[in-house]
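Subject: A structure for you to look at

Hi,

Here is the structure I promised to pass on to you. Have it open while you read, and I will walk you through what turned up.

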Amino acid sequence: MDHSIFEYSQLFILVFLAGFIDSIAGGGGLIQIPALIFFAPQAPLAMILGTNKVSSVFGTAFAMVQYARKTAVDWKAVMPGAISAFILSFIGAKAVTLISNDFLKPLVLVLLVVMAIYTFINKDFGSVARHRLGHGRQMAYGLVLGGAIGLYDGFFGPGTGSFLMFMFISIYGYDFLHASAASKIINVATNIAAIIFFGIAGCVYWKLGLVMAVFNVAGSYAGSKMAIDKGNKFIRIVFLVVLAAIIARLAYVSYVK
């Protein structure tokens with residue numbers, strides 16, 4: 001790609017910001033995908049999405065490790081959802097090449113608005129961990145809901161991290177910090193599945209994606225460290241801001257643009 005140092009600098013700054021935001025509350029794609037489209041406007045959308053996944057999977061994996069080192073992660077509860085999400089994310093990525101996903105936009109918009117209102121009204125939501133489900137029910141919910149969110153991530157995508165966090169808080173009883181940690185594990189699984197699909201299809205700018213990954217990891221380090229240091233109240237604020245941004249973006253793309 002023939003771009004100036006200034007254009008590369010702009011892209012990498014936005015990639016750092018995407019990693020920072022995504023490591024705290026999800027929603028990094030809201031920044032990184034438009035940045036890639038602006039950087040390479042002639043590139044096919046599949047190339048944009050594939051390159052985005054290559055970059056973001058490293059940042060998400062790094063955040064996952066950071067959270068796992070500083071918080072207690074219940075791997076037995078999370079892994080069934082991660083496996084289910086991996087399989088169905090691959091299927092979703094394949095389906096998007098065959099079926100239009102436009103019908104999902106109104107439904108996702110409504111769900112995000114409901115999540116934002118619920119989180120805003122319930123001040124204690126995610127502030128402390130509640131009584132958690134037994135391992136049997138955690139596995140069942142993980143397989144079903146993790147799979148559904150994985151399918152959604154492969155097929156459409158916006159707000160995946162936020163949906164995962166909401167699931168772990170509202171159903172599993174996690175606080176924001178532990179929900180953010182658990183959501184990263186499933187996000188890594190869905191990203192890997194998408195990379196396999198896009199890689200096989202030849203829809204990745206590998207060199208650009210790997211350089212972007214360096215800046216995404218740097219942002220992820222800064223964001224996850226801040227989230228761990230500042231705790232649930234800080235993550236809740238960022239979560240609400242991310243939800244509002246995704247809602248605004250979806251509404252603009254669906255009904256204004």
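Which residue takes a positive phi just after α8? Gly-202 does, with a phi of about 75°. Please keep in mind as you read that this is a predicted model.

Let's step back to the whole protein. Its secondary structure comes to 10 helices and zero strands, so from the N terminus on the elements run α-α-α-α-α-α-α-α-α-α. The radius of gyration is 17 Å, close to the 18 Å that the globule rule gives for 257 residues, so the protein is as compact as a globular protein of that length. Along the principal axes, the C-alpha atoms fill a box of roughly 55 × 40 × 35 Å. Of the 257 residues, 52% are buried. If you take the contacts with a separation of 6 or more, 84% of them are between residues 24 or more positions apart.

Now back to α8, which covers residues 176-200. This helix has 25 residues and reaches 36 Å from its first C-alpha to its last, close to the 36 Å expected at 1.5 Å a residue. Because 21 of its 25 residues are buried, α8 is largely enclosed by the rest of the structure.

Have a look at the N-terminal end of α8 too, where Asp-175 acts as a cap. A side-chain oxygen of Asp-175 lies 3.3 Å from the backbone nitrogen of Leu-177. Asp-175 itself lies in the loop between α7 and α8. Is this residue buried or exposed? With a relative accessibility of 9%, Asp-175 counts as buried. Leaving out residues up to four places away in sequence, Asp-175 touches Gly-126, Ser-127, Val-128, Ala-129, Ile-169 and Asn-232.

On the other side of that loop is α7, and here 10 of the 11 residues are buried, so this helix is also largely enclosed by the rest of the structure. Among the buried residues of α7 are Thr-160, Phe-163, Phe-166 and Phe-168.

Phe-166 brings us to the aromatic rings. The count comes to 15 aromatic pairs. In one of them, the rings of Tyr-118 and Phe-166 have their centres 5.9 Å apart and their planes at 75°, and since planes over 60 degrees apart count as edge-to-face, the pair is edge-to-face. Tyr-118 lies in helix α5 (residues 104-121) and Phe-166 in helix α7 (residues 160-170), so the pair ties together parts that are 48 residues apart in sequence. The two partners can be told apart by their accessibility: Tyr-118, at 40%, counts as partly exposed, while Phe-166, at 17%, counts as buried. Ring pairs also link Tyr-118, Phe-125, Phe-166, Phe-176 and Phe-239 into a cluster.

Another ring has a charge for company. The charged end of Lys-123 sits over the ring of Phe-120, 4.2 Å from its centre.

Where is Asp-124 found? Asp-124 is in the loop between α5 and α6 (135-155), and at 63% relative accessibility it counts as exposed. The C-alpha atoms of Asp-124 and Lys-233 are separated by 9.6 Å, although the two residues are 109 residues apart along the chain.

You can find another pair of this kind at Lys-207, which lies in helix α9 (residues 206-230). Lys-207 is exposed, with a relative accessible area of 75%. Its C-alpha atom and that of Val-54 are separated by 9.9 Å, and the two residues are 153 residues apart along the chain.

One more residue to visit is Thr-60, whose place is in helix α3 (residues 45-70). At 2% relative accessibility, Thr-60 counts as buried. Which residues does Thr-60 touch, not counting those up to four places away in sequence? They are Asp-22, Lys-184, Asn-187, Val-188, Asn-191 and Asn-216.

Happy exploring, and do write back with any questions!

Best wishes

Note on methods
Residues numbered from 1 in each chain as written. Predicted model: local features only at pLDDT ≥ 70, side-chain atom pairs only at ≥ 80, totals over all residues. Heavy atoms only, no water. Phe/Tyr/Trp six-rings, centres within 6.5 Å; stacked < 30°, edge-to-face > 60°. Helix = DSSP H or I, 4+ residues; strand = E, 2+ residues; numbered from the N terminus. Buried < 20%, exposed > 50% of the residue type's maximum accessible area, 1.4 Å probe, protein only. Lys NZ or Arg CZ within 6 Å of the ring centre and 35° of its normal. Expected span 1.5 Å × (residues − 1). Polar contact = N/O pair within 3.5 Å; in protein donor to acceptor, adjacent residues only side chain to side chain. Contact = heavy atoms within 4.5 Å. Rg over C-alpha atoms; globule rule 2.2 N^0.38 Å.
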